[in-house]
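Trainee: I am new to this structure and would be grateful for a close look at one part, the salt bridges. Please set them out in order and explain the terms along the way.

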Amino acid sequence: MKVMIVEDEMLLAMELESEVQAAGHSVVGVAASSGQAADIVRDAPPEFAFVDIQLQDGPTGINVGRMLAEKRIPYVFVSGNIKKLPDDFAGAIGAIEKPYTINGMANALAYISALVQGDDSVPPPASLVLAQDALRRVRN
């Protein structure tokens, strides 16, 4: 699966990139701002994205998420405060709260990968807070 990471804390982005690659996926780009995220989506469209809410250019992760949802790219928010998410999760499958464990992220990535590949028989991990209509969002 081709994954985009939208995270402005470089150490966290590098850690997440390493975890994505260790799980056998490729990272098509790492963005620290909404503009960089838009460029990656245009130039190397991902199949999935992890998106932080607070980026270099402010709390624009929600806008990035809405752009991804419009383009039918499934994504999950990774944030220190998931209570800031709108009720509709801005089109996200769900959210992972920081700080997360490596095992929790690996389990979430395995679940998400299965969903993106059309397998909804895998149970969601405890580390992932799902949106109400998460499965529909992946299937569209």
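Mentor: The following account takes up the salt bridges and then turns to the helices that carry some of their residues. This is a predicted model, in which local features need pLDDT of at least 70 and side-chain atom pairs count only at pLDDT 80 or more, while totals for chains, interfaces and linings use all residues. Residues are numbered from 1 along each chain as its sequence is written, and side-chain values use heavy atoms, with hydrogens and water left out.

Side chains of opposite charge can pair when their charged atoms come close. Here a salt bridge is a side-chain nitrogen of Lys or Arg within 4 Å of a carboxyl oxygen of Asp or Glu. By that criterion, the whole structure contains five salt bridges.

One of them joins the side chains of Glu7 and Lys98, at 2.7 Å from N to O. Glu7 lies in the loop between β1 (2–6) and α1, and Lys98 in the loop between β5 (94–97) and α4 (102–116), so this pair ties together parts that are 91 residues apart in sequence. Helices (H or I, at least four residues) and strands (E, at least two) are DSSP runs, numbered from the N terminus. Glu7 and Lys98 are both buried, a term for under 20% relative accessible area, with exposed meaning over 50% and partly exposed in between (1.4 Å probe, protein chains only). Glu7 and Lys98 also belong, with Asp52, to a network of salt bridges.

A further salt bridge brings together the side chains of Arg66 and Asp88, at 3.3 Å from N to O. This pair links distant parts of the chain, 22 residues apart: Arg66 is in helix α3 and Asp88 in the loop between β4 (75–79) and β5. Arg66 is partly exposed, at 35% relative accessible area, and Asp88 is partly exposed at 37% relative accessibility.

Within helix α2, Arg42 and Asp39 stand three residues apart, about one turn of the helix. Their side chains form a salt bridge of 3.1 Å, N to O. Arg42 counts as exposed, at 57% relative accessibility, whereas Asp39 counts as partly exposed, at 35%.

The helices of Arg42 and Arg66 can now be considered together. Helix α2 (residues 34–43) and helix α3 (residues 61–70) pack at an angle of about 20 degrees, with their axes 9 Å apart.

How values were computed
Axes are lines fitted to C-alpha atoms, for helices over the stretch in contact, and angles run from 0 to 180 degrees between N-to-C directions.
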